[in-house]
Amino acid sequence: MLFKRLLATAAKSVQGPVLQDVVIIGGGPAGLSLLAALKSSSITRNLKCTLVEGSSLEGIREFADSPPEEYTNRVVSLTPKSVEFMQSKIGNWEFMNQDRIKFYNNIIAYDSQDRTSRIVFDGSAIEAGFLAVMAENVNIQSSLLQRISQLKEEGVDSTILDNTKVLSIGSALKEAEAASESTNIMSENVATASDWPIVNLSDGSSIQTRLLVGADGFNSPVRKYAGIQSRGWAYDRFGVVATVKLQYEDYRSIGWQRFLTTGPLAILPLTEDNATIVWSSTPELSEILIACDEQIFPELVNAAMTLDEVSLNFIYAKLKKNPNDFSVLDDIPWRQSRLKVNDLEENYPLPVTEVVPGSRARFPLKLSHADTYTSARIALVGDAAHTVHPLAGQGLNMGQGDVQALVEAIEKGVTRGMDIGSTLVLEPYTSNQWPGNHVLMGVCDKLHKIFSTDWYPIVFLRGFGMKNLNMLDFVKDMMIKNISGR
Amino acid sequence: MNILKGAIAGYGPRKNVVLGLVRLASTSSSGASSSSVKDTAITEDEMSHFNALASSWWDVDGPQRILHKMNLLRMDFIHTTIREHLQLNEPNTPVEDEIYVPAYGLELLPKPIRNRIISEQENKRDEILGKSKLKALDVGCGGGILTESLARLSFIHSVKGIDLSSDVLQAAKVHQLKDPQLTKLQYELKAIEDLPSNQQYDIITMFEMLEHVTYPAKVLEEALSRVKVGGWVFISTINRDFVSWFTTILMGEHLLNIVPVGTHTLDKYINQTEIKDWIESDSDRSEKYKVVRAEGCIYLPAYGWKFTENPNVGNYFMAIQRKK
């Protein structure tokens, strides 16, 4: 009996929480980047790190050896700053599938309400020589996993637990506080209890960690555990994404964006005749875009890139009644025929000829920003900290900026012999990263609002603004440098 | 105006109190007192002041926040000083294996060459520090803010923290238990002169401490005698001038309430030059020890601590190295 009990207690003590320095919740690009960056830095590589991801990463691991034939629909644009971070600090860039990324140099943004107002951004003004790179999310994640494996082979160890859900987060201190509150007696335990978060996992294990990082998306459980408020609003808009084929490869490598009153529509070039589209649209329109026939969708994109809003509304109304109304296939070319051929060729994107089957998807657009990115033993990165309107393609880049700033803060903390979960170490991350993100989010939000109206005075003013801005190269260069992170 | 009375009363020398240099010089006559009261002891009312602070010592948003912030600068000072003064080349290294240390300023060189020299030197420094196992002693460790930081550095082998306030030491020990990484750290309720004189250290730190003791020269002497050749004594204290009174007592304690009232006494501040002169004043001492670095620092409320260019005004840090 006694022997049995001894065994039981021994087993129990073995099962106590595993101690780690950093636990990252979330295996998206932000979480994986943070793990790879911490392990790549000579200062922080000795920290014990674990990443926990709820879903399986098997599909991403397979991407390295057998990527799918067609582009996946989750494509992001990376700024030169993000690329440099991946090249020089994380070291995952060399593992990117280079056949599936596309550099581009120009962005042309134009207004559906005013044919003459357009603005051309030229990336050759900046040092990097390119404005952005289009890459699939899965390509980035795959390269990060490969980098982490490479580091392991070099003896720099880390743990990734995928298919593992976070059941609950707590800490001994919170329990002691709750206990002393309910009994109304100031417990001795409050002074001695550890405030290290304990993460309980679906595989039955638990991890106690010095620093808990939430890279766990918009509904971040880590943010909720920390009691950090996130503020913002839904746009009543959906982002519709799809992979499409152009008439032929566009050698101009231009990203096109047309501001429609329903939201901006962007066509961004990929390799060969591939392109990806992001179409911010009203809930009603987004349903049409998802439901309509695969033959109609490409023509609809062409129409939205070229026709006036009156024509578009006529076509949308037809499709609303019947998403498979093939008569629009005659309508659209006829309406486009009123545009001059030269004009169409020079000032508009190449026509889309087909959509990759099954690549259409939609997601609700919202703006949200956490009040702070840090509290004691907590840091938030990526979508857990902020979500932004996709019209400037900044979401993932802001996450990369977060990772870079957080790693710098942790490096400094380690050099100074600090407890890296202390707010003294983490606060500089918030103060360096939060204000810039906030401004960027504000700009995206205002752009969305200015362009989602057809009220003439605003249309006139924005047209006036765009035309003048287009002539002021130095202002544009400044904007490009800001957007590209230089 | 009541609030200012305390502050103003503290300005200007009081009668019958020995000031900085004199206090430094008065060590020899203090021998008699050492039997009853420790030379390194702080006065009784200061002791009760620090005892009262023990419970909130580790609250980084509490009354000691400014000290926690200062610790960041202290660690930068210690780390960069040690790093910059590492001997990159052993005496008998063959020339072809030597790390190149130009005899002139690096900024004269073209950028790529400069960067290569710097990165070569930095790698060598990492390598030396990677192999180092330094022993450190933190005198007047208080709640262990600096002591813990030292114990987390990879190139530190062990740290001993000593203090004369049992309450703050208790706070230090309770806090140490919260971090399983702090295994190289040990606290003792002891005065420096009670440590065996044959215990030698690579690093001895006395931060924000000399201005609280009665006989600072005696404490300094005890510290210097316990440092190994090539080792370091790091100190920080406050110049005895108007700026210090204005920042540390009037603004810090009485107007902005950044530091608890009663933390400082202007009479006990020691000028940077007084310490330098004190080392120079004795030929044996000046031969063995050298003030290698001294930096002024200032607290900017919205920013934190920052180095200034002038160590003769306000707070300052000092690094003394034992040469022989």
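## Exercises on a two-chain model

Of the 324 residues of chain B, 52% count as buried. The model is predicted, and the exercises below walk through it step by step.

### Exercise 1: Chain B on its own

Task: Describe the secondary structure of chain B and say what share of its contacts joins residues 24 or more positions apart.

Solution. Start with the elements: chain B has eleven helices and eight strands. Next, take the contacts in chain B with a separation of 6 or more; residues 24 or more positions apart account for 74% of them.

### Exercise 2: The interface

Task: Find how many residues each chain brings to the contact, and how much area is buried between chain A and chain B.

Solution. Count the residues on each side: 16 come from chain A and 18 from chain B. Then turn to area. The size of an interface is often given as the accessible area lost when the parts come together. Here about 1,400 Å² is buried between the two chains, with carbon and sulfur atoms giving 53% of that. On the chain A side, 40% of the area buried against chain B is supplied by Arg416(A), Gly417(A) and Leu424(A), more than by any other three residues.

### Exercise 3: Polar links and the elements behind them

Task: Count the salt bridges between chain A and chain B, then work out which elements of chain A touch chain B.

Solution. There are three salt bridges between the chains. One of them joins the side chains of Arg210(A) and Asp179(B), at 2.8 Å from N to O. Six residue pairs are in polar contact across the interface, both residues at pLDDT 80 or more. Now look at the elements: helices H7 (189-192), H14 (395-415) and H15 (423-451) of chain A each give two or more residues to the side that touches chain B. H15(A) gives the most, with three residues. By type, the residues on this side of chain A divide into seven nonpolar, five polar and four charged.

### Exercise 4: A closer look at Arg416(A)

Task: Where is Arg416(A) found, and why does Arg416(A) count as buried?

Solution. First locate the residue: Arg416(A) sits in the loop between H14 and H15 of chain A. Then check accessibility. Buried means under 20% relative accessible area; Arg416(A) has 14% relative accessibility, so Arg416(A) counts as buried. Finally, list its partners, leaving aside neighbours within four places in sequence: Arg416(A) is in contact with Leu72(B), Met75(B), Asp76(B), Ser149(B) and Leu153(B).

Key
Residues are numbered from 1 along each chain as its sequence is written. Chains are lettered from A and ligands numbered from 1 in the order in which they are written. This is a predicted model: local features need pLDDT of at least 70, side-chain atom pairs count only at pLDDT 80 or more; totals for chains, interfaces and linings use all residues. Side-chain values use heavy atoms; hydrogens and water are left out. Contact means heavy atoms within 4.5 Å. Buried area is the accessible area (1.4 Å probe) that two parts lose on being put together, summed over both. A salt bridge is a side-chain nitrogen of Lys or Arg within 4 Å of a carboxyl oxygen of Asp or Glu. A polar contact is a pair of N or O atoms within 3.5 Å; within protein, one must be able to donate a hydrogen and the other to accept it, and residues adjacent in sequence count only if both atoms are side-chain atoms. Helices (H or I, at least four residues) and strands (E, at least two) are DSSP runs, numbered from the N terminus. Ala, Val, Leu, Ile, Met, Phe, Trp, Tyr, Cys and Pro count as nonpolar, Asp, Glu, Lys and Arg as charged, and the others, Gly among them, as polar. Buried means under 20% relative accessible area, exposed over 50%, partly exposed in between (1.4 Å probe, protein chains only).
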